Every structure is written in structure tokens, then in C-alpha cells.
Amino acid sequence: MADSIAIILQSLRKCAEWAIIKAQMQKLLRREQSEMKDKEKDKSKDGNKDRNKDRNKEKKKEKNEKEKTNVMRVLDGKKINYTSHAYKPDATMSGAQIAELLNEEADKVFKTLVTQGKSGQYYVFAVPVKEELDLKKAAKAAGEKSVSMIKQKELLPLTGYVHGGCSPVGMKKQFPVFIHETAGQQEHIFVSAGRVGYQIELAPDDLRKVVEGKYADLV
């Protein structure tokens, strides 16, 4: 009888131990499941963050594309390196004042002037903003007897650009372009980006190549 009781007690102890082990295993399993759920949540959050980053990048890219001017698109298409600069436009602002806003020397900032020769051909001249185009020198560079400035109202229909936002790059039609010779002495120069309030900075030789222009003494 005593032996039977001992066997029963031993069996109960084993059952109790197994119950404890089973409970511990279940606890560990629940913990692992909880950790897995947390990891899945973290992955989901990370995935959402990545998707949001991608969306933000796309939105930023779209915004940048919208802000790009025709000049910038032309330069992008020809793989020309440039830097764009924006400033708060003012209709009364002079070229020298724009140079100040860009924190650059006026010698490096060029304005774009459109003329018509005696022959009827149109010519584009880029000169430093602080200088005035010498029409006699301009005519000589173009091989014309004389040239004269076009009227302001003719600028938009002829070039696609408005006064204050005229650029030698990306006009409706590519006219012969002449750039004042001092540009070649600069590492970078500035010209209008084709929109009032925007300028582009690029190497003078890159500008000359993209517009198929020539350097000349123009002032």
C-alpha cells in the first residue's frame, strides 16, 4: 500500500513539474508572439516612413520641375552644369541692384539685349549689367551697317520672354548671339533664367556653346 502511495505521489510530482514546464513554455511562446507582432508593427511603420519619404521626394521633384524655367530645361537637356538663383523681383530694380542681391560683382552679371540690323536680321547681345551696349561695336561684331534696339512691346512675341526676364538661352528662335569679351575672363557668369526673379550661374564657355555664340568687344 505504501509503495502504491509513493508511486502516486511521484506521478503527481511529475505532473506538477510538467504543468509548470508547460506554463513556462506557453509564457515564452506568448512573449515570442508578442515580440513578433511588435516587429511587424515596426516594419509597417518603417515601411510607411519609407513610402512617405518616397512620396515627399516625388513631390519635391515635381515642385522643382514646375519651378524650372525653359532656360533650365534647355540646359538640362544639353547636360550643361548650372546653378539657379532666385530673388524677390521688383520692376524698378536695376541690373546692378540684382547683382547686389546675388552678392556678386556686377562684372559677372550679364543682361540680354535684342537688336535688329539694317538687313532686318535680329541679333542678341549679352553685356555686363553696369555697361551699355555700344551699337557701333555691336554692328561691327554682327557684320551689319547698323543695329538698333527693338521696341519693348516686340520682345515677348519675338523671343517668348518679357522685359526683365530675357535670356539668350531658349528663345522662340535662335538668333545670332554675341557675348561681351570680358565674360571669357570669368569662371562663372550670371544671365537671366528666362523668368523675372530668376538667374542662372554657369561657365561662360558653356553659355557660348549652348547658344552658338561669339565673344566680341561690345561696350
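This passage walks through the fold of one protein chain, from its overall make-up to its strands and a patch on its surface.

The model is predicted, so to speak of local features a pLDDT of at least 70 is needed, side-chain atom pairs count only at pLDDT 80 or more, and totals for chains, interfaces and linings use all residues. Residues are numbered from 1 along each chain as its sequence is written, and side-chain values use heavy atoms, with hydrogens and water left out.

The protein chain holds 6 helices and 8 strands, where helices (H or I, at least four residues) and strands (E, at least two) are DSSP runs numbered from the N terminus. Read from the N terminus, the elements follow the order α-α-β-α-β-β-α-β-α-β-β-β-α-β. Of the 219 residues, 30% count as buried, that is, under 20% relative accessible area, with exposed meaning over 50% and partly exposed in between (1.4 Å probe, protein chains only). About 14800 Å² of the protein chain is exposed, and carbon and sulfur atoms supply 50% of this area; accessible areas come from the Shrake-Rupley method with a 1.4 Å probe, and for residues only the protein chains shown count as cover. Among contacts (heavy atoms within 4.5 Å) between residues at least 6 apart in sequence, 60% join residues at least 24 apart.

An open sheet is formed by 5 strands in the order β4-β2-β3-β5-β8, with mixed pairing; two strands pair if DSSP finds at least two bridges between them. At the edges lie β4 (147-149) and β8 (214-216), each pairing on one side only. Strands β5 and β8 run parallel and are joined by 3 bridges, and I179 stands opposite Y215 in β8.

Strand β7 (residues 198-202) is mostly covered, with 4 of its 5 residues buried. Strand β1 (residues 83-86) pairs with β7 in the antiparallel sense over 4 bridges, and here S84 faces I200 of β7. Strand β6 (residues 189-192) also runs antiparallel to β7, joined to it by 4 bridges, with S192 opposite Q199. The hairpin of β6 and β7 has 5 residues between the strands, and in it G194 takes a positive phi near 90°.

On the surface, L156, V162 and V196 make a nonpolar patch of about 220 Å². Patches are made of residues with over 30% relative accessible area and no salt bridge, joining like charges within 9 Å and nonpolar side chains (Val, Leu, Ile, Met, Phe, Trp, Tyr) within 5 Å; a salt bridge is a side-chain nitrogen of Lys or Arg within 4 Å of a carboxyl oxygen of Asp or Glu. V162 sits in the loop between α5 (152-159) and β5 (177-180), and counts as partly exposed because its relative accessibility is 41%.
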